[in-house]
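Me: I would like to check some labels against their criteria. Please take them one at a time.

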Amino acid sequence: MSLSRSALFVSLEGIEGAGKSSVLPALADAVLAAGLEVELTREPGGGPLGEALRQIFLNPSLCLDASEELLLLYAGRRDHLHRRILPALAAGKVVLCDRFEDSSYAYQGGGRQEALARIRQLSQWAGIDREPDLTFWLDLPPEQAVERIRARQPDRLEREDLDFFRRAREVFAARAKGAPHRIVRIDASLPLATVQETAVGILCERLSIS
Ligand SMILES: Nc1ncnc2c1ncn2[C@@H]1O[C@H](COP(=O)(O)OP(=O)(O)O)[C@@H](O)[C@H]1O
Ligand SMILES: [Mg+2]
């Protein structure tokens, strides 16, 4: 099946409160305004299995170790990639995904200190053989992120401490350094409008739309 010229897989990454959910609608609006089709999705979740697992994953009353988290995440990711993302790309859509695999490396690898090589093995085993074409890493110091999410009812991950998010941020940084063709760092401490404009500008350029 040939892919439409506009098919593009875009993910948004960053720690809690970095602004992913605030930037996503701006990206979607820009793509729609250019007459292209959008598939808006998220992880954990995205597919029927992943959305069911998300309820377990984020439940603050459950205690999961890194391996248990990874097994849930990758079962959901397999479903999400094969049953939703790849079909949307095959239909020529722009897929905008709130978190994807970089988050597993950052949170379970960095935050929970699971070996990155073990995550890589699981990824291969689960058949995650398509990475995003473009990833926006919204980078924010954890101290500022905690300030932003203070008002929220915390889910299981949002209860983690500053060191957890510092380690997660380090892994995001290392992955950005290792994949400069894919991962674009955006300073998420700038005003939201600036962050949105920056991301929209990069996406539009990539899609050759204005
Ligand atoms: N650049 C920004 N400057 C100031 N506040 C922001 C910025 N980006 C997001 N916020 C605010 O921070 C909070 C968390 O943003 P959100 O988009 O939900 O983050 P995420 O989805 O990454 O967890 C929201 O209240 C949002 O309005
Ligand atoms: Mg969000």
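Reply: One criterion comes before the rest: two strands pair if DSSP finds at least two bridges between them. The model is a predicted one. In it, the bridge partner of Val-10 in S4 is Leu-134.

Me: What makes strand S1 and strand S4 a pair?

Reply: Strand S1 covers residues 8–13 and strand S4 covers residues 134–139; four bridges join them in the parallel sense. The criterion asks for at least two bridges, and four bridges are found, so S1 and S4 pair.

Me: Where do S1 and S4 sit in the sheet?

Reply: The order is S2-S3-S1-S4-S5, an open sheet of five strands with parallel pairing. Strand S2 (38–42) and strand S5 (183–187) are called edge strands because each pairs on one side only. From one strand to the next, the twist averages 20°.

Me: Which strands does helix H1 lie across, and which does helix H7 touch?

Reply: Helix H1 (residues 20–33) lies across S1, S2, strand S3 (94–98) and S4, and runs at about 170° to S3. Helix H7 (residues 162–178) packs on the sheet and touches S1, S4 and S5. The direction of H7 makes about 140° with that of S4.

Me: Why is Ile-119 called buried or exposed?

Reply: Ile-119 has a relative accessible area of 0%. Buried means under 20%, so Ile-119 is buried. Ile-119 belongs to helix H5 (residues 116–125). Leaving aside residues up to four places away in sequence, Ile-119 touches Leu-70, Tyr-74, Ser-104, Tyr-105, Gln-108, Gly-109 and Glu-114. Its C-alpha atom is 11 Å from that of Glu-69, 50 residues apart along the chain.

Me: What makes the approach of Ser-22 to ligand 1 a polar contact?

Reply: An N or O atom in the side chain of Ser-22 is 2.5 Å from an oxygen atom of ligand 1. The cut-off is 3.5 Å for a pair of N or O atoms, so this pair qualifies as a polar contact. A backbone N or O atom of Ala-18 also qualifies, because it lies 3.3 Å from an oxygen atom of ligand 1. For Leu-190, a polar backbone atom is 2.8 Å from a nitrogen atom of the ligand.

Me: How much of ligand 1 does the protein bury?

Reply: Ligand 1 taken alone exposes 560 Å², of which the protein buries 70%. There are 15 residues around ligand 1, and Gly-17, Lys-20, Ser-22, Arg-152 and Leu-190 come nearest.

Conventions:
Residues numbered from 1 in each chain as written. Chains lettered and ligands numbered in written order. Predicted model: local features only at pLDDT ≥ 70, side-chain atom pairs only at ≥ 80, totals over all residues. Heavy atoms only, no water. Axes fitted to C-alpha atoms, helices over the stretch in contact; angles between N-to-C directions. Contact = heavy atoms within 4.5 Å. Near = heavy atom within 4 Å. Polar contact = N/O pair within 3.5 Å; in protein donor to acceptor, adjacent residues only side chain to side chain. Areas by Shrake-Rupley, 256 points an atom, 1.4 Å probe, with all protein chains shown as cover. Buried < 20%, exposed > 50% of the residue type's maximum accessible area, 1.4 Å probe, protein only.
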